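Please work through the exercises below with the sequence and the model at hand. Each task is followed by a stepwise solution.

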Amino acid sequence: GACAQLVPGSALLARLNRGDETPAGPAFTTIWTASDRTVTPPASASLQGAVNVRVQDVCAGSGVGHGGLVRDPLVLGLMARALDGAMPRPPAPADCAALRASGTRAGG
């Protein structure tokens with residue numbers, strides 16, 4: 001089933017990760033949480049060649065888990081910035097409050 005296909009080291013993941021993870025064309029961004037209990041290890045969400053953002057590197061106190069990523073104000077703010085093409089590198093802790101505020105507006 002799907003769970004077996006997503007186990008680290010599975011044949012499916014090996015095929016997906018073979019070659020260039022981020023081919024030319026679109027800008028790739030990953031947004032992930034160190035508190036993830038579904039994607040294990042959490043850092044496996046990172047892609048070579050992408051802007052990889054661990055939410056705790058932006059807002060150290062974030063405890064958002066896997067299921068909360070889709071509604072967390074910080075994550076929504078990060079997604080909006082990435083979709084606007086305004087995230088050439090991971091944001092810094094100084095961006096935490098502004099990103100959460102923009103995510104609150106986007107999710108509301």
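The exercises concern the overall fold, the nonpolar core and one glutamine.

This is a predicted model, in which local features need pLDDT of at least 70, side-chain atom pairs count only at pLDDT 80 or more, and totals for chains, interfaces and linings use all residues. Residues are numbered from 1 along each chain as its sequence is written, and side-chain values use heavy atoms, with hydrogens and water left out.

**Exercise 1.** Determine how many helices and strands the chain has, and in which pattern.

*Solution.* Step 1: helices (H or I, at least four residues) and strands (E, at least two) are DSSP runs, numbered from the N terminus. Step 2: the chain has 5 helices and 2 strands. Step 3: along the sequence, the pattern reads α-α-β-β-α-α-α.

**Exercise 2.** Identify the elements that each supply at least two residues of the largest nonpolar core.

*Solution.* Step 1: a nonpolar core is a set of buried Ala, Val, Leu, Ile, Met, Phe, Trp, Tyr and Cys residues joined through side-chain atoms within 4.5 Å. Step 2: the largest one has 13 residues, and Val53, Val55, Val58, Leu74 and Leu78 have the most contacts inside it. Step 3: the elements are strand S2 (51-54) and helices H3 (55-58), H4 (73-83) and H5 (96-107). Step 4: H4 gives the largest share, 3 residues.

**Exercise 3.** Decide whether Gln56 is buried or exposed, and find its polar partner.

*Solution.* Step 1: Gln56 lies in helix H3. Step 2: buried means under 20% relative accessible area, exposed over 50%, partly exposed in between (1.4 Å probe, protein chains only). Step 3: Gln56 counts as buried because its relative accessibility is 12%. Step 4: a polar atom of the Gln56 side chain lies 2.9 Å from the backbone nitrogen of Ala34.

Methods
Polar contact = N/O pair within 3.5 Å; in protein donor to acceptor, adjacent residues only side chain to side chain.
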